[in-house]
Amino acid sequence: MPQTELSERIYQKRKIPLLLMLLQRFLTLALLGIVTLTLVDFPVAKNWIALGLGAYVLLLWRFPSAWLLIIPTLLPVLDFTPWSGRIFFGEFDLLVLMTCAVGYWRKDPWINPLQFNRKTWFLILLLIAWQSYTTLNGLLPLQPIDANSFTSYYSQYNSLRIAKGFFFALMLLPLLGQAIGRGTSVVKLFSLGMLGGLATALMAIIWERALFAGIFNFDKPYRVTGFFSGMLTGGAPIDAHLALSLPFIAFIFLAWRNFVTQILGVIFLAIAIYGLAVTFSRADYLAVAFITVSFFGAWFYLRRQPNTEHSILGKHYYLITGLLIVSLIPVISGNYIQSRFATTASDFMHRIDHWQKTVGIMDNNWNTQLFGMGKGAFPRTYFWEYPTDTPPATVQHQTEGVNGFLRFGKSGSQGNLFLRQRFTILEEGPYHLSLDLRPLTKKPTRLLIEICERLIFQAYRECRWLGINTQSDPQQWVNFNNKLNINGLGESYWYGSRPVEISILNRGLGEGIDIDNIQISTPSGRQLLANGDFNSGLEHWVISFGDHLAWHIKNAWVDVFFESGIIGLLLFMTLSLTLLFNLIQRLKKRDQLPLLILPAFVGFLIIGLFDSLFDEPKLGILFFLLSWITLSNSITYPSLPQLQSHKTTYFHQLIKAYYHLPAPYQVTLGGLFAALVLSTLFVGATRHYELTSEQLIIRALEKSGITSGPITDLISPKIKYSDQSFAGTVRTTHPRILLPELSTWTGKAIPKFMQHRENLYAKQGTRPPASCGYGGVLGLASCWVNTGNHEAAEKLSQQLRTDYLTIPQPNGNYGNGWEFALAYDFLSLYPELSRMDQLEIEEKIQTALRHSLLLLDDDGMSLWHGRSTLSAIAWLCAIVLDQNNPEIQLLTKRAQGHFLETMKALALTEAWPEGYLYWVNDRGFLITLAASAYLNGIESSPEDANHIRTKCLGT
């Protein structure tokens, strides 16, 4: 039945049953009460939220169906959790509840307009029963409500948090029926909302990339999160949202046929593909492929049907697809995604192992197998059941009288719990951190604190670390006051500044520690942290975790089985198959709605093969809303007008004239146009990466596998220091950078030199710094060389072979080649390191060395800012390589020349030009480390080493 005719019949009979209307009015008052009570004590921006909700109510009263546009648009960005600390119930939930409150007050009918048949209603009732049971199963028995009930995913109330996704979508179902009854074009309005949500998500991604990684930097290992605070524990909310939203770009081509709009659609699609690409999630790339296949499959099926009207681009879709594939080349050719692809097989086996262990920690009884462990039960089940050497780190709010404080539980060296709060850098000068600590053991405890630039999950650059050693009296609170180094943090641009936060780590605490009255003060005395005394629980603070496997099952189907057993899995499969069958039936009826929804479901479920989907409630809302739209027989895509002739534009006339030109002229004009485009791109690339044209060409040739040859020799800068003699002889043993005393270590047990250091710590009554538990190659190298742990050495070997190597750039990002060199220098002591692994690791270090020398041989870098650091990195990379290779000998000789030139300049000035603090904070470490490598790595003592001893090491 046509929708307009249906609307007329419904509006002729607008009355709804009195009992239903009274129930709706009661729910309205209840929802308004919940919103009001929540706003009264909301931690941040409650006046602005109240004002926004008030304006939203007025909008809904005038345009009742506007929620179809507003909710999907704001879903990716309306998230104040990093400021409020509220992970269970926030501002987006208030938006949904206010939407329902306004809708329930209306008398508009909604049951009949949905046109659900009996099978559909029965399926929805089964879904309600299923979701209700699994929610209660995870919730009961009720735990006492206190300050910890709604701040931790370990809480029983986590079931309510996750259940919001389904039940909020269910609460919106009557409003969907009302919109249909009013004659609203639901598909059009909701599609615009999905496009709006995609646009806001992409704006957040581009903003994040601009602040942290660079919009076109595809080498830096930075993965976007957008504003999805659910990614505090990792997961894939942003991936799933992008996969659900991407297919709705087709609506632009379906609804509007003018040339300008379709060009804008192509641009929008390219930006969306970019957004998916810079998540650097391999599941996203697979999802895009399946989305494309399912879309074209539906499109081809519709095309073969007779008398089908289309306004899509037809054969031009082939051109669009080709352009998108070309636009992906810079991303997939980047070093970071290549390193991600290199570990796909091992990561997949790791996921399978995680799924097997997830099923293994379920209760072994028939009730659990049939009905599951309950919604939201995985984090606490993993906490109690997963076998580990040390328990996972915890944090709890405690009270003594009226005083509130936090208690960090015991944790091992692998503790990955972070208590975080953002603060704003208001002025220059020294900042101070003050906090009260009370250890839970008589042994001295060391609390780690870091200051980071971070949006949601991944920190930018290296965090600033601070360690506080406590006293040994567990009965007394002691105040500690330390200076904070915030120089260079929170750098501002015209489009914003990088967020800065304090993180308190629960790592390496033997028996735990109590924390209270934490505060950061500016030089003028202004206090920056809210709720530092914790008298308001954990408001304004968020808890994040480094181990994402402890919080996510990483597979939607295993997730459903874990929470709701075989019964729940069968119901979820029934829903999925029903949706698929419905969409296929619509295709047979030549309905174009599947062009939008079918690829969305396909992409969403592909992401679900490798990540959890429904532990982020927002995604549950979108998924089930799309399910209601699909199941409603009254919602179809409106018929499109027949193709009509339109006035030929100047652009079309120009294209037509080009096609009528003789072939030689076509080739000439096409070549000139291509040259103009390529030259523009070339100039833009050189300016963006701050490379000379020769350096950019060399990088491009290297990406193509060409590292030498006549072209490379022609455009490379003149090689420096290749003719001079090498000063000294490189030691044949390792380590050559630090701790040459370890050269006789056999790699078994703890090195005697390190044991001696630990004995000295013990004599002084202090605890040595933790050797293990830190991430990255340097953390593993520290663990290996301090403990002789062969497992750490094996992990370090694998990480050096598979981790991403950052190639030095002249724009200030000088790469991580020195980290690989330092770690490999210690790993060389591992007796079981194979020759093949050595060659593979040295090849990566040699790559970093070559790129450093390429920049150093050019004259474009300043001495003190870039050349000094790069010369140090080059020398660190060169000194650890196998010197039996003549090619390596030449590279090492060149690196020595550049480094000695820096040392001579430093000796000549007798000071660092920009002062002591700049030397210590920005340049001193790498140069001093390279100086150590010069003294330790060369057996003889050339005269040049005297400058190094005097100026860098003070000897």
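**Close-up views of a predicted model**

**Figure 1. The whole chain at a glance.** There are 35 helices and twelve strands in this chain. Keep in mind as you look around that this is a predicted model. The chain has 955 residues, and buried ones make up 53% of them. What share of the contacts between residues at least 6 apart in sequence join residues at least 24 apart? The share is 76%. On the outside, the chain exposes about 43,600 Å², with carbon and sulfur atoms supplying 61% of that area.

**Figure 2. Two separate nonpolar cores.** Start with the largest nonpolar core, which has 133 residues. Inside this core, the residues with the most contacts are Trp-67, Leu-176, Ile-249 and Trp-628. Which helix gives the most to this core? That's helix H10 (residues 186-212), with eleven residues. Now zoom in on Trp-628: leaving out residues up to four places away in sequence, Trp-628 touches Phe-116, Ile-124, Leu-127, Phe-166, Ala-169, Leu-170, Leu-173 and Leu-176. A second core, separate from this one, has 64 residues, including Val-777, Leu-833, Ala-874 and Tyr-934.

**Figure 3. Gly-608 and its surroundings.** Look for Gly-608 in helix H21, which covers residues 594-608. Is Gly-608 buried or exposed? Gly-608 counts as buried because its relative accessibility is 0%, and the cut-off for buried is under 20%. Setting aside neighbours within four places in sequence, Gly-608 is in contact with Asn-555, Ala-556, Trp-557 and Leu-613. Take Trp-557 from that list: Gly-608 and Trp-557 are 51 residues apart in sequence, yet their C-alpha atoms are 7.5 Å apart in space.

**Figure 4. Aromatic rings meeting edge-to-face.** The model has 46 aromatic pairs. One of them is Phe-604 with Phe-614, an edge-to-face pair with 5.9 Å from centre to centre and 65° between the planes. Phe-604 is in helix H21 while Phe-614 is in the loop between H21 and H22, so this pair ties together parts ten residues apart in sequence. Phe-604, at 0% relative accessibility, counts as buried. Phe-614 is at 16% and counts as buried too. Then there's the pair of Phe-623 and Phe-624, also edge-to-face, with 5.1 Å between centres and 85° between planes. Both Phe-623 and Phe-624 are buried. Step back a little and you'll find one aromatic cluster formed by Phe-166, Phe-167, Trp-557, Phe-572, Phe-601, Phe-604, Phe-614, Phe-623, Phe-624 and Trp-628.

**Figure 5. Buried salt bridges that link distant parts of the chain.** The count of salt bridges comes to 22. In one of them, the side chains of Asp-79 and Lys-618 meet at 3.7 Å, N to O. Where do these two partners sit? Asp-79 is in the loop between helix H4 (67-74) and helix H5 (81-84), and Lys-618 is in helix H22 (residues 617-631), so to speak a long-distance link of 539 residues. Asp-79 and Lys-618 are both buried. Another salt bridge joins the side chains of Arg-420 and Glu-501 at 2.7 Å, N to O. This pair links distant parts of the chain, with Arg-420 in strand E3 (residues 417-423) and Glu-501 in strand E10 (residues 500-506), 81 residues apart. Arg-420 is buried, with a relative accessible area of 2%. Glu-501 is buried as well, with a relative accessible area of 2%.

**Figure 6. A partly exposed salt bridge and a network.** Here the side chains of Arg-835 and Asp-882 meet in a salt bridge of 3.3 Å, N to O. Arg-835 is in helix H31 (residues 835-857), and Asp-882 is 47 residues away, in the loop between helix H32 (863-879) and helix H33 (886-909). Are these two buried or partly exposed? Arg-835 counts as partly exposed because its relative accessibility is 43%, and Asp-882 is partly exposed with a relative accessible area of 22%. Elsewhere, a network of salt bridges links Glu-400, Arg-407, Arg-438 and Asp-514.

**Figure 7. Arginines over tryptophan rings.** The charged end of Arg-25 sits over the ring of Trp-105, at 4.1 Å from the ring's centre. In another spot, Arg-106 lies over the face of Trp-61, 4.6 Å from the ring centre.

Conventions. Residues are numbered from 1 along each chain as its sequence is written. This is a predicted model: local features need pLDDT of at least 70, side-chain atom pairs count only at pLDDT 80 or more; totals for chains, interfaces and linings use all residues. Side-chain values use heavy atoms; hydrogens and water are left out. Helices (H or I, at least four residues) and strands (E, at least two) are DSSP runs, numbered from the N terminus. Buried means under 20% relative accessible area, exposed over 50%, partly exposed in between (1.4 Å probe, protein chains only). Contact means heavy atoms within 4.5 Å. A salt bridge is a side-chain nitrogen of Lys or Arg within 4 Å of a carboxyl oxygen of Asp or Glu. A nonpolar core is a set of buried Ala, Val, Leu, Ile, Met, Phe, Trp, Tyr and Cys residues joined through side-chain atoms within 4.5 Å. Rings of Phe, Tyr and Trp (its six-membered ring) pair if their centres lie within 6.5 Å; planes under 30 degrees apart count as stacked, over 60 as edge-to-face and the rest as tilted. A charge sits over a ring if NZ of Lys or CZ of Arg is within 6 Å of the ring centre and within 35 degrees of the ring normal. Accessible areas come from the Shrake-Rupley method with a 1.4 Å probe; for residues, only the protein chains shown count as cover.
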